[in-house]
Amino acid sequence: MKLLVTGGCGFIGSNFIRYIIKKHPSYRIVNVDKLTYAGNLENLHGLKKKRTYRFIKADICNASQMTKVFKKTKSDTVINFAAESHVDRSISSAAPFIKTNFLGVGVLLNCALEFGVKKFLHISTDEVYGSILRGKFKEPSRLDPSSPYSASKAAADGLVMSYYRTYGLPILITRSSNNYGPYQFPEKFIPLVILNALTNKKIPLYGDGLNIRDWIYVEDNCHAIDTVLHKGMPGEIYNIGGQCERTNRFVVKTILKILKKPASLITYVQDRPGHDRRYALSVTKIRNELKWQPRTSFSEGLKRTIAWYLDNQGWLKNTQTGAYRTFYKKYYGSLGLKDL
Ligand SMILES: NC(=O)c1ccc[n+]([C@@H]2O[C@H](COP(=O)([O-])OP(=O)(O)OC[C@H]3O[C@@H](n4cnc5c(N)ncnc54)[C@H](O)[C@@H]3O)[C@@H](O)[C@H]2O)c1
């Protein structure tokens, strides 16, 4: 398989590249990433020398760059992780979300069609369904996004599906719940809590802290994406959930307990506008049809995650100081489009 992975320097993308290299060592992987603030080449440290792996710095919104990438790499399979992914940022400024998450996906779809790719796997999110107080969302459930982030992802899902129905492009979509694990940028909930707890800083909790998220350990999501890639049916959407619903307050308290830090670090802050109360996914389809289910319990996943952040203080420091941004030049020299 010749994989084109977009957004592979982010949290889930980098975990996925490591996972796939281990599981399918013969696959050829090209990682295309714009290296926004969330893209960090340090996440893929050590892969530079692999003959089957290659990094290209490029923007999925740039049609001429993408055409060049598809033409030169002759990839037969695309997995699109590239996105603006932080809800709070989408509330302060929606434009980059609309651009990358919708228009960028359009550019990728056009290239995939033009160059005849055999599979186009688009990574979406449970947030497209919106909030649900009771029960669980299934794949055909109505989309009802609340934030500019989730709205841009929902719009992209529609566009991706239209390329299947209109042009017969063999697409697949995964919608996963909240991921946690190594290499997650510390603006996101779990790494932020770990980081603040380690440095004895206040831990902000939105509203009453009782919003519920379904948590999945990132390695389980990588396993699910790999399963969908190999066994999924073109034109189908698959929910990927950890089957692990926890309130935000429970998550913070558990982390504080593991790190032996006081609950007094918690500070309640004004709720996020449009804050979804509860996300919940039915995973019946992926479990019954593709025989996938999560393997990592929340307590085990959280222990592993905390241990990783404790062992990787250098990485954490670099993401905080911005030092990771210079890593690209130092480590990869000028590698990029012109080297194609
Ligand atoms: N993190 C979660 O809990 C979660 C849950 C469900 C779905 N998702 C989805 O999974 C995907 C990956 O999420 P993540 O948490 O790893 O995000 P992330 O923010 O950590 O990584 C995104 C990556 O995309 C790259 N990127 C952004 N704009 C780009 C562009 N225009 N061109 C090329 N690269 C670009 C960034 O540099 C970064 O490396 C996203 O599509 C997100 O919507 C995430």
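The following dialogue explains why certain terms are applied to parts of this structure.

Colleague: How should the model as a whole be regarded?

Modeller: It is a predicted model, and residues are numbered from 1 along each chain.

Colleague: Why is Tyr183 called buried or exposed, and where does Tyr183 lie?

Modeller: Tyr183 has 23 C-beta neighbours inside 10 Å. A residue is buried if 20 or more other C-beta atoms lie within 10 Å of its own, so Tyr183 counts as buried. Tyr183 is placed in the loop between strand 7 and helix 6 (189-198). The phi of Tyr183 is near 70 degrees, a positive value in a residue other than glycine.

Colleague: What makes Lys260 buried or exposed?

Modeller: Lys260 has 7 C-beta neighbours inside 10 Å. Since the cut-off for an exposed residue is 12 or fewer, Lys260 counts as exposed. Lys260 belongs to the loop between helix 8 and strand 12 (266-269), and its phi is positive, about 55 degrees, although Lys260 is not a glycine.

Colleague: How do you know whether His45 is buried or exposed?

Modeller: Within 10 Å of His45 there are 12 other C-beta atoms. The cut-off of 12 or fewer includes that value, and therefore His45 is exposed. His45 is found in the loop between strand 2 (28-33) and strand 3 (53-57). The C-alpha atoms of His45 and Ser14 are separated by 9.9 Å, and these residues are 31 apart along the chain.

Colleague: Why is Arg28 given the class it has, with 18 C-beta neighbours inside 10 Å?

Modeller: Buried requires 20 or more neighbours and exposed 12 or fewer, with partly exposed in between. Arg28, with 18, therefore counts as partly exposed. Arg28 has its place in strand 2. Not counting residues up to four places away in sequence, Arg28 touches Lys2, Leu3 and Thr52. The C-alpha atoms of Arg28 and Lys74 are 11 Å apart, with their positions 46 residues apart along the chain.

Colleague: What class does Leu290 receive, and why?

Modeller: The count for Leu290 is 17 C-beta neighbours inside 10 Å. This lies between the cut-offs of 12 and 20, so Leu290 counts as partly exposed. Leu290 lies in helix 9 (residues 284-290). Its contacts, not counting residues up to four places away in sequence, are Thr227, Val228, Lys231 and Gly232. Leu290 and Lys317 are 27 residues apart along the chain, and their C-alpha atoms are separated by 40 Å.

Colleague: Let us turn to the helices. What makes helix 8 and helix 10 oblique?

Modeller: Helix 8 (residues 248-258) and helix 10 (residues 298-311) pack at an angle of about 55 degrees, with their axes 11 Å apart. Angles under 35 degrees count as roughly parallel and 65 to 115 as roughly perpendicular, so helix 8 is oblique to helix 10. Their crossing is right-handed. Thr254, Ile255 and Ile258 of helix 8 make the contact with Leu302, Lys303 and Ile306 of helix 10. By class, these residues are four nonpolar, one polar and one charged.

Colleague: How are helix 6 and helix 8 arranged, and why is that term used?

Modeller: Helix 6 and helix 8 pack at about 40 degrees, with their axes 10 Å apart. The limit for roughly parallel is under 35 degrees, and roughly perpendicular begins at 65, so the two helices are oblique to each other. Helix 6 passes helix 8 in a right-handed crossing. In helix 6, Phe189, Ile190, Val193, Ile194 and Ala197 meet Asn248, Val251, Val252, Ile255 and Leu256 in helix 8. The contact has nine nonpolar, one polar and no charged residues.

Colleague: What is the contact of helix 2 with helix 4 made of?

Modeller: The axes of helix 2 (residues 63-73) and helix 4 come within 10 Å and cross at roughly 35 degrees, and the crossing is right-handed. Ala63, Met66, Thr67 and Phe70 of helix 2 make the contact with Val107, Leu108 and Cys111 of helix 4. The residues divide into six nonpolar, one polar and no charged.

Colleague: Which residues come nearest to the ligand?

Modeller: Of the 30 residues around the ligand, Gly7, Gly10, Ala38, Gly39 and Ala83 come nearest. The largest share of the shell, three residues, comes from helix 1. By class, the shell has twelve nonpolar, 13 polar and five charged residues.

Key. This is a predicted model: local features need pLDDT of at least 70, side-chain atom pairs count only at pLDDT 80 or more; totals for chains, interfaces and linings use all residues. A residue is near a molecule or strand if its C-beta atom, placed from the backbone, lies within 6 Å of it. Helices (H or I, at least four residues) and strands (E, at least two) are DSSP runs, numbered from the N terminus. Ala, Val, Leu, Ile, Met, Phe, Trp, Tyr, Cys and Pro count as nonpolar, Asp, Glu, Lys and Arg as charged, and the others, Gly among them, as polar. Axes are lines fitted to C-alpha atoms, for helices over the stretch in contact, and angles run from 0 to 180 degrees between N-to-C directions. Angles under 35 degrees count as roughly parallel, over 145 as roughly antiparallel, 65 to 115 as roughly perpendicular and the rest as oblique. A crossing is left-handed if the near helix is turned anticlockwise from the far one by less than a right angle, and right-handed if clockwise. Two residues are in contact if their C-beta atoms, placed from the backbone, lie within 7 Å.
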